[in-house]
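Please look over the sequence and the 3D structure below before reading on. The paragraphs that follow go from one residue to the overall fold, and then to the packing of helices.

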Amino acid sequence: MYKRQASHGGPTGAPLDDAIAGYGTPAGIGSAGGAKDLKRTARTHTGPIPTDFVAPVSLNEQQRRTVAMSAAVLLHYPDADYLERLAVVEESIVGLPEEVRTCFSEFAAWATEAGLRAIEEHYVETFDQRRRCSLYLSYYAVGDTRQRGMAILAFRQQLESMGLFPNDDELADHLCVVLEAVAMAEGTHHEHAIEMLASHRQGLEVLRAALLGLGSPFASLITAVCASLPAVDPDTAQKYVDLIRTGPPAEMVGIADLPFPTTQPDYI
């Protein structure tokens, strides 16, 4: 679980379903309170560049929290209680709009039929063995470069500025960690957590496109997450196209502006 400290104010609306929140994610969260010079490895994109970004679905705050926690729970490694977690998610999504609820229902139908062993094998093959399906958001911003450590630190600093203190069993840039921040951040920090996730929208869309290309049922979960975020703006769309065409940076030198948000802009 995330380290819990005294909170200051609570979220609006009904409290998040304790049952689903209790399962936690790699973070186990509890609440408290453009690079200018890039050297990219040249790659040729052999297929059409997807432009069908997920359109936003109208959600209230509680519904956004439910989407975030449900996706975090199901994107976590499928250990022994995974099917039990799945059943709790199915109960929790009843009140969501149909467009989002269907994403979870389609995934649940596949997972129930596939069984735990098949889910585990598919998860490992997809997320642990394919870089283009990385669940670490900073990978899409800085790749495997010397800036990765700074990127992860920036994620941790943002979480801590929201009163969220992740344990050390998962890196702060893991998608499940950030999703759980959206689900559990209190008061105005909830909107900040959404902004944090949305700032990595191009990476989420690349991940979604990769999962769709593989025919992975996990694509439905990423679709649900994207549907809970604001619409893609032109700048993000261009970053997405660049990322699809060239891939994440191979190395970065002479950085003037880091390609990820920080809570200390002048800290380099």
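Is Gly203 buried or exposed? Gly203 is buried, because its relative accessible area is 3%; buried means under 20% relative accessible area, exposed over 50%, and partly exposed in between, computed with a 1.4 Å probe on protein chains only. The model is a predicted one, in which local features need pLDDT of at least 70 and side-chain atom pairs count only at pLDDT 80 or more, while totals for chains, interfaces and linings use all residues. Residues are numbered from 1 along each chain as its sequence is written, and side-chain values use heavy atoms, with hydrogens and water left out.

Gly203 sits in helix H10 (residues 201–214). Helices (H or I, at least four residues) and strands (E, at least two) are DSSP runs, numbered from the N terminus. Not counting residues up to four places away in sequence, Gly203 touches Tyr140 and Leu243, where contact means heavy atoms within 4.5 Å. From C-alpha to C-alpha, Gly203 and Ser134 are 9.3 Å apart in space, and they are 69 residues apart in sequence.

Now take the chain as a whole. The protein chain contains 12 helices and two strands. Their order, starting at the N terminus, is α-β-α-α-α-α-α-α-α-α-α-α-α-β. Of the 268 residues in the protein chain, 52% are buried.

In soluble globular proteins, nonpolar side chains tend to be buried together. The largest nonpolar core here has 67 residues; such a core is a set of buried Ala, Val, Leu, Ile, Met, Phe, Trp, Tyr and Cys residues joined through side-chain atoms within 4.5 Å. Leu75, Phe104, Leu175, Leu197 and Phe218 have the most contacts inside this core. Helix H8 (residues 175–184) supplies the largest share of the core, nine residues. Leaving aside neighbours within four places in sequence, Phe218 is in contact with ten residues listed from several parts of the chain, among them Leu74, Leu75, Phe107, Trp110 and Leu211.

Helix H8 is mostly covered, with 10 of its 10 residues buried. Among these buried residues are Leu175, Glu180 and Met184.

Which helices pack against each other? Two packed helices are described by the angle between their axes and the distance between the axes. H8 and helix H9 (residues 189–198) pack at an angle of about 150 degrees, and their axes are 8 Å apart. The axes are lines fitted to C-alpha atoms, for helices over the stretch in contact, and angles run from 0 to 180 degrees between N-to-C directions. H8 is therefore roughly antiparallel to H9; angles under 35 degrees count as roughly parallel, over 145 as roughly antiparallel, 65 to 115 as roughly perpendicular and the rest as oblique. On the H8 side the contact is made by Leu175, Val178, Leu179, Ala181 and Val182, and on the H9 side by His190, Ala193, Ile194, Met196 and Leu197.

Helix H4 (residues 98–114) packs with helix H11 (residues 219–227) at an angle of about 165 degrees, with the axes 8 Å apart. H4 is therefore roughly antiparallel to H11. Val100, Cys103, Phe104, Glu106 and Phe107 of H4 meet Ser220, Leu221, Thr223, Ala224 and Ala227 of H11.

H4 also packs with H2, at an angle of about 15 degrees and with the axes 12 Å apart. H2 is therefore roughly parallel to H4. Here Val67, Ser70, Ala71 and Leu74 of H2 make contact with Val100, Phe104 and Phe107 of H4.

Two residues of H2 (residues 61–75) are worth following. Ala71 lies in H2 and counts as buried, because its relative accessibility is 0%. Apart from residues up to four places away in sequence, Ala71 touches Phe104, Leu179, Leu221 and Val225. The C-alpha atoms of Ala71 and Thr223 are separated by 9.9 Å, although the two residues are 152 residues apart along the chain.

Gln63 lies in H2 as well. At 17% relative accessibility, Gln63 also counts as buried. Leaving aside neighbours within four places in sequence, Gln63 is in contact with Ser58, Gly95, Leu96 and Pro97. Gln63 and Pro97 are 8.6 Å apart in space, C-alpha to C-alpha, and 34 residues apart in sequence.
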